[in-house]
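Please open the model in a viewer and keep a selection tool at hand. The stops below proceed from helix packing to the nonpolar cores.

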Amino acid sequence: MVLGANDGLISVASLTIGIASSGAESSTTLLACGAAISAGAISMAAGEYVSVQSQADTEQADLALERQMLRDDPAGELEELTLIYQRRGLTPELARTVAEQLTLAGPLEAHARDEIGLSETLAARPLQAAVTSGASFIAGSLIPLATVLLTPPQHQTATIALTCLAGLGGLGALAGWLGGATWWKSSWRVVFWGSLAMALTSAVGKALGVEA
């Protein structure tokens, strides 16, 4: 969610600054900002859905293969599960006992979790991923949108840049804190690349500018 918000903030702010720097009217800048939010959120959601759905398809294919192997060679699958637990440090006798007990409780679940690393908690959820990605993009893009709405046209470029860099710094620090990294390093990286993106689009907007 933090990464999606970062993306929404940087991309929408950069595009809006490019439009504002071109000398376009405030209404045009606002229209571009709204279009960027809509297109970006839909693109992020669609891309995330396709990506995670591909992961889900792979998981289902792995489970189907495991079901087939359990039907065709249950003894071999039990031995395979036993060896997995032995490699994790259990004695051969205990590993066999654990494998037998888990197989009785649910052979597919045991192999999915311990052989191929799948579980209900970690299962791919395409729709959830799409909604989260699109919503977080919109949340991040609200900062440049609010700035465009509340700032006079002659001050929009500088104000958008300052407010969005502050927002990026906060999101970067949050990402670093959540990930257990040094928060100020994470914040600095995001601010640096965000500044670069906004500077480049501002330069393009001025180079291709129009009369207000």
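Are α1 and α2 roughly parallel or roughly antiparallel to each other? To decide, note that the model is a predicted one, and select α1 (2–21) together with helix α2, residues 26–72. Their axes cross at roughly 150 degrees and come within 9 Å. An angle over 145 degrees counts as roughly antiparallel, and α1 and α2 are therefore roughly antiparallel to each other. The handedness of this crossing is right-handed.

Next, display the side chains at this contact. From α1, select Gly4, Asp7, Val12, Leu15, Thr16, Ile19 and Ala20; from α2, select Thr28, Thr29, Ala32, Cys33, Ala36, Ile37 and Met44. Coloured by class, the residues of the contact of α1 with α2 comprise nine nonpolar, four polar and one charged.

Proceed to a second helix pair: α6, residues 126–150, and α7, residues 156–179. Here the axes lie 9 Å apart, at an angle of about 150 degrees. By the cut-off of 145 degrees, α6 and α7 are therefore roughly antiparallel to each other. Their crossing is right-handed. On the α6 side, the contact is formed by Ile143, Pro144, Thr147 and Val148; on the α7 side, by Gln156, Thr159, Ile160, Thr163, Cys164 and Gly167. The contact of α6 with α7 contains five nonpolar residues, five polar and no charged.

Centre the view on Thr159, which is located in helix α7. Beyond the residues up to four places away in sequence, Thr159 touches Thr147 and Thr151. Its relative accessible area is 25%, which makes Thr159 partly exposed. For a distance check, pick Thr29 as well: the two C-alpha atoms of Thr159 and Thr29 are 14 Å apart, with these positions 130 residues apart in sequence numbering.

Now select the largest nonpolar core, which has 12 residues: Val2, Ala5, Leu9, Ala13, Ile17, Val148, Ile160, Cys164, Leu168, Leu171, Val190 and Met198. Which elements give two or more residues to this core? They are α1, α7 and α8 (183–207). The largest share, five residues, comes from α1.

Within that selection, focus on Val190. Leaving aside residues up to four places away in sequence, Val190 touches Asn6, Leu168 and Gly172.

For the final stop, move to another core that lies apart from the largest one. This core has seven residues, including Ile84, Tyr85, Ala95 and Ala99.

Technical notes: Residues numbered from 1 in each chain as written. Predicted model: local features only at pLDDT ≥ 70, side-chain atom pairs only at ≥ 80, totals over all residues. Heavy atoms only, no water. Axes fitted to C-alpha atoms, helices over the stretch in contact; angles between N-to-C directions. Helix = DSSP H or I, 4+ residues; strand = E, 2+ residues; numbered from the N terminus. Parallel < 35°, antiparallel > 145°, perpendicular 65-115°, else oblique. Left-handed = near helix turned anticlockwise from the far one by under 90°. Contact = heavy atoms within 4.5 Å. Nonpolar A, V, L, I, M, F, W, Y, C, P; charged D, E, K, R; others polar. Core = buried A, V, L, I, M, F, W, Y, C linked by side-chain atoms within 4.5 Å. Buried < 20%, exposed > 50% of the residue type's maximum accessible area, 1.4 Å probe, protein only.
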